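Student: Could you take me through the salt bridges in this one, close up, with whatever sits around them? I'd like the cut-offs too.

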Amino acid sequence: MSHEPCEEPCDLCAAPVDEVTAALGDVLAALPGGGERRAGQAEMAHAVHETISDGTMLVCQAGTGVGKSIAYLVPAVLAAATGRRVVIATATLALQDQLVGKDLPLVVAGMRERIGRPLRWEILKGRSNYLCRHRFAQHAQQLLDYSDGLAGQARQRQLAAIEHWMPHTRTGDRSELAVAPDDDVWSSLSVTSTECIGAERCPHGDSCFAEQARTRSATASIVVTNQHLYCTDLFGDGHLLGPHDAVIVDEAHQLEPVVTQVAGWEITPTGLERLAAQARTVGVGGPSADGVAAVATRLATELEPLRDTRLGAITGDLVAVLESADGRVADLTAELRRADPRPTSTADADLERVRVARLAAESLTALRAALEPPTGTAILVDCRRRLRLAPLDVGELLANRLWGRQASVLTSATLGRHFVSKLGVPTDDHRYLSVESPFDYRTHGLLYCAAHLPSPRQDSYREAAIEELTALISAIGGRTLALFTSWRALNETAKALAERLGGIRVLRQGGDLTNAALLDALGDDPASVVCGTMSFWQGVDIAGPALSLLAIDRLPFARPNEPLTEARREAAGDDAFLSFDVPHAADLLAQGVGRLIRTATDRGVVAVLDSRLATAGYRSSLLEPLPPMRRSVDRNEAVEFLRSIRQQHS
């Protein structure tokens with residue numbers, strides 16, 4: 001039967017639509033206001049679907065605005081509907097909460113008719129994110145007893161809110177609270193995995209929030225966790241998350257530091273002092289606890305001159321101190337384990353002794369690792385007198401433990417090809433995909449490099465950079481986030497700007513406001529400048545005209561004398577600058593630049609006050625991962641563009 005093409009597609013003339021395209025269309029249609037179809041999102045969704053179906057591996061860089069969460073959730077839900085189990089691991093708790101509280105419900109609702117069966121997903125966080133009923137019963141009254149003054153009154157209000165919330169919450173998750181409690185309050189009412197005495201021993205084990213979360217996640221089709229917990233399970237016994245057919249790692253540019261932390265060990269004088277003090281509180285004092293406290297003092301003395309140093313090996317007096325610490329902690333651990341309950345002790349006191357014994361055993365494990373470091377370990381002392389053991393090559397660890405065991409998807413807005421080798425991804429057994437942002441960067445954004453400024457190494461640089469920044473901020477009238485690579489540069493610049501910018505508030509990280517309050521202030525008052533250091537380079541999302549100028553004082557190369565960086569640079573060999581330093585700086589620069597344009601209508605200028613971006617021979621490696629904005633070295637062009645934005649919003 002012949003059929004003339006219709007102006008509107010019908011069942012006869014429309015091309016067959018594959019499952020992913022159809023499911024993505026269902027989801028977009030169900031979004032509030034109707035979602036926009038994006039070619040990049042569809043391309044990524046198909047790639048993730050193929051990866052999960054084939055059990056292979058995908059490394060996907062998805063630019064801002066692609067909609068990567070929906071792009072991987074749609075195929076994840078399709079896989080779960082066919083009986084596969086999918087784990088999603090994020091770098092931040094905020095993205096975890098967004099996926100479970102917003103994105104997954106929308107995706108599953110849009111696909112409900114298509115998947116044809118109930119689908120359950122769960123969120124799983126680290127134990128310290130859940131209220132511990134046992135700790136609450138132990139410590140709530142103690143906290144109330146020390147509630148004098150304004151701080152005490154605030155603590156009292158927080159405890160009252162938690163007490164009211166506890167009978168009504170299903171999860172006990174800290175993020176559910178309307179007002180986040182202070183860290184010291186919450187730490188008194190929660191436990192880490194080491195501090196937990198175990199559900200079988202705990203009088204509240206049957207109603208433990210953390211254990212209930214683990215039980216629910218064990219049978220869920222989709223589990224949303226964080227990279228830290230995922231890696232803890234990966235390098236542990238694997239019982240926490242259980243078998244799964246696919247893992248999707250979002251914010252994957254953060255995976256290397258997470259693995260570095262999880263797969264390493266740390267020994268501190270403060271930790272040993274705390275262990276001795278806690279042993280005394282549970283009735284195991286005397287020579288054992290005194291011995292641990294004494295060796296903590298000796299360790300502090302040995303580590304003091306070694307601050308910010310990489311050790312080729314542990315030698316000399318430090319070996320003697322660690323061997324002594326090993327013996328003292330071993331004695332204390334044995335005493336904690338064999339201590340008979342005192343006639344006057346309570347069940348709670350006996351359980352606390354179990355908890356301290358676990359802490360002692362963990363310290364003992366770290367001490368023995370330090371005395372016999374595994375091959376490929378960097379040994380260093382950081383600026384806080386912490387003796388740390390960190391893996392030099394996390395790629396080797398991931399290749400041995402993760403890749404090839406299930407389908408794996410790595411994604412981030414900044415995930416260049418060099419991450420393949422950095423994370424140990426099999427060279428011949430993965431697909432790399434880069435999906436461009438749909439935003440019109442050339443029209444809406446300008447990347448300005450102040451090429452005329454002195455080198456950041458010259459004494460005249462700081463004053464020249466402050467003058468440049470003053471001119472740019474004056475043109476936009478505020479609306480500025482200035483990013484710095486050091487606290488000294490931040491404080492000097494913020495002080496000078498406050499003196500020179502009349503009518504514009506200059507706020508700085510480390511002042512009276514929290515980081516969240518600083519970002520709120522930028523949104524509330526256009527005539528504001530926020531100066532931040534490294535924690536503001538990633539994860540900050542300020543959409544709209546509140547942020548129109550993003551200033552970067554210098555290229556974010558790692559400190560040359562940072563011990564772990566130094567060790568990895570040495571391992572990289574003669575080509576370390578181009579193979580290690582430049583890619584690291586490029587990743588962080590791309591993250592910083594990505595703070596500016598967050599929606600399709602945002603406009604703004606990225607001003608880099610480091611001439612090397614325009615003049616250095618390696619500049620193309622730094623520019624390649626950045627959004628395709630227009631580029632200029634002309635201050636007048638940047639000033640005029642900022643003035644046009646200011647006029648638009650005046």
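Tutor: Here is a walk through the salt bridges, followed by a buried arginine, the cysteines and one strand pair.

First, the ground rules: this is a predicted model, where local features need pLDDT of at least 70 and side-chain atom pairs count only at pLDDT 80 or more, while totals for chains, interfaces and linings use all residues. Residues are numbered from 1 along each chain as its sequence is written, and side-chain values use heavy atoms, with hydrogens and water left out.

The structure holds 34 salt bridges, each being a side-chain nitrogen of Lys or Arg within 4 Å of a carboxyl oxygen of Asp or Glu. Let's start with Arg-280 and Asp-290, whose closest N and O atoms are 2.9 Å apart. Arg-280 belongs to helix α11 (residues 269–281) and Asp-290 to helix α12 (residues 286–303), so to speak two distant parts of the chain, ten residues apart. Helices here are DSSP runs of H or I with at least four residues, strands are runs of E with at least two, and both are numbered from the N terminus. Arg-280 is partly exposed at 38% relative accessibility, and Asp-290 is partly exposed at 40%. For those labels, buried means under 20% relative accessible area, exposed means over 50%, and partly exposed is in between, using a 1.4 Å probe and protein chains only.

Next comes the salt bridge between Asp-308 and Arg-559, with 3.4 Å between the closest N and O atoms. Asp-308 is in the loop between α12 and β7 (309–311), and Arg-559 is in the loop between β16 (549–552) and α21 (563–572), so this pair ties together parts that are 251 residues apart in sequence. Asp-308 counts as partly exposed at 28%, and Arg-559 is partly exposed too, at 42%.

The loop between β16 and α21 also holds Asp-553, which pairs with Arg-462 of helix α18 (residues 461–476), 91 residues apart. In that salt bridge the closest N and O atoms are 3.3 Å apart. Here Arg-462 counts as buried at 16%, and Asp-553 is buried at 3%.

Salt bridges also form a network, linking Arg-120, Glu-122, Arg-170 and Arg-216.

Now for a buried arginine with a different kind of contact. Arg-353, in helix α14 (residues 347–371), counts as buried at 6% relative accessibility. Its side chain reaches the backbone oxygen of Val-282 at 3.3 Å.

On to the cysteines. With a disulfide taken as a pair of cysteine sulfur atoms within 2.5 Å, the count comes to zero. For Cys-202, the nearest cysteine sulfur is that of Cys-132, 5.8 Å away. For Cys-231, the nearest is that of Cys-60, 20 Å away. Cys-202 is buried at 16%, and Cys-231 is buried at 1%.

Another cysteine takes us to the strands: Cys-531 in β15 stands opposite Arg-508. Strand β14 (residues 505–508) and strand β15 (residues 528–532) run parallel and are joined by four bridges; two strands pair if DSSP finds at least two bridges between them. Together with helix α20 (residues 515–524), β14 and β15 make a right-handed β-α-β unit. Right-handed means that, with the strands pointing away from the viewer, the path from the first strand over the helix to the second runs clockwise.

Technical notes. Polar contact = N/O pair within 3.5 Å; in protein donor to acceptor, adjacent residues only side chain to side chain.
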